[in-house]
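Let's take a walk through this structure together, starting at its centre of interest and working outwards. Have the sequence and the 3D view open side by side as you read.

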Amino acid sequence: WFLQQIIPGEGPEFAARSLLWVPSSLDAPQESQSSDLIINERLFSSGLAGEIVEWDLSNLIPKDKTIVGAGGIWQMSGVISDFISDVDDGIIEKQYRICVGC
């Protein structure tokens with residue numbers, strides 16, 4: 001592996017205990033403004049503050065936060081699963097689900 005960027009975080013009370021890279025093949029790829037590389041994955045972090053944070057990899061800031069409400073999060077994993085869309089056409093789509101361990 002190699003160090004491409006450093007994300008400063010939000011302080012010691014929000015220290016990351018788990019990182020999860022999610023393939024963005026479910027999303028349209030975006031051009032990175034900080035380098036010539038294409039951002040083709042999404043980064044999530046979690047920690048003892050009980051939040052899951054999705055990081056904006058272009059600006060190195062939190063993009064979205066979700067409070068779990070069950071205490072600290074020690075581990076995350078992800079799985080791609082099939083689901084039938086809510087529309088009556090019966091199309092099977094892919095969905096990425098994040099599972100947490102508190």
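A good place to begin is the antiparallel pairing of strand 4 with strand 5, which is made over four bridges. Within this pair, Phe44 sits opposite Glu54 of strand 5. Three residues lie between the two strands in their hairpin, and there Gly50 adopts a positive phi near 80°. Please keep in mind that you are looking at a predicted model.

Now follow the chain onwards to the other partner of strand 5. Strand 5 and strand 6 (residues 61-67) also run antiparallel, and six bridges join them. Here Ile52 is the residue that stands opposite Thr66 in strand 6. These two strands form a hairpin as well, with four residues between them. Leu60 belongs to the loop between strand 5 and strand 6, and its phi is near 60°, a positive value in a residue other than glycine. Most residues other than glycine have a negative phi, which is a good reason to pause at this turn. Leu60 has a relative accessibility of 24%, so it counts as partly exposed.

With both neighbours in place, how many residues of strand 5 are buried? The count is six of its six residues. In a regular strand, side chains alternate between the two faces of the sheet, and it helps to look at each face in turn. On one side of strand 5 you will find Glu51, Val53 and Trp55, and on the other Ile52, Glu54 and Asp56; all of them are buried, and both faces are covered.

Glu54 deserves a second look. Its relative accessibility is 8%, and because buried means under 20%, Glu54 falls in that class. Which residues pair with its charge? Side chains of opposite charge can pair when their charged atoms come close. Glu54 forms a salt bridge with Arg42, and their closest N and O atoms are 2.8 Å apart. Arg42 is in strand 4 (residues 41-47) and Glu54 in strand 5 (residues 51-56), so this pair ties together parts that are twelve residues apart in sequence. Arg42 itself, at 26% relative accessibility, counts as partly exposed.

Glu54 also forms a salt bridge with Lys63, where the closest N and O atoms are 3.9 Å apart. Lys63 is exposed, with a relative accessible area of 51%. Through these shared partners, salt bridges join Arg42, Glu54 and Lys63 into one network. A search of the whole structure finds two salt bridges.

Finally, step back and take in the whole protein. It has eight strands and zero helices, and reading along the sequence gives the pattern β-β-β-β-β-β-β-β. Of its 102 residues, 24% are buried. Among contacts with a separation of 6 or more, 46% come from residues 24 or more positions apart. The protein exposes about 7,200 Å², and carbon and sulfur atoms supply 54% of that area.

Methods: Residues are numbered from 1 along each chain as its sequence is written. This is a predicted model: local features need pLDDT of at least 70, side-chain atom pairs count only at pLDDT 80 or more; totals for chains, interfaces and linings use all residues. Side-chain values use heavy atoms; hydrogens and water are left out. Buried means under 20% relative accessible area, exposed over 50%, partly exposed in between (1.4 Å probe, protein chains only). Contact means heavy atoms within 4.5 Å. Accessible areas come from the Shrake-Rupley method with a 1.4 Å probe; for residues, only the protein chains shown count as cover. A salt bridge is a side-chain nitrogen of Lys or Arg within 4 Å of a carboxyl oxygen of Asp or Glu. Two strands pair if DSSP finds at least two bridges between them.
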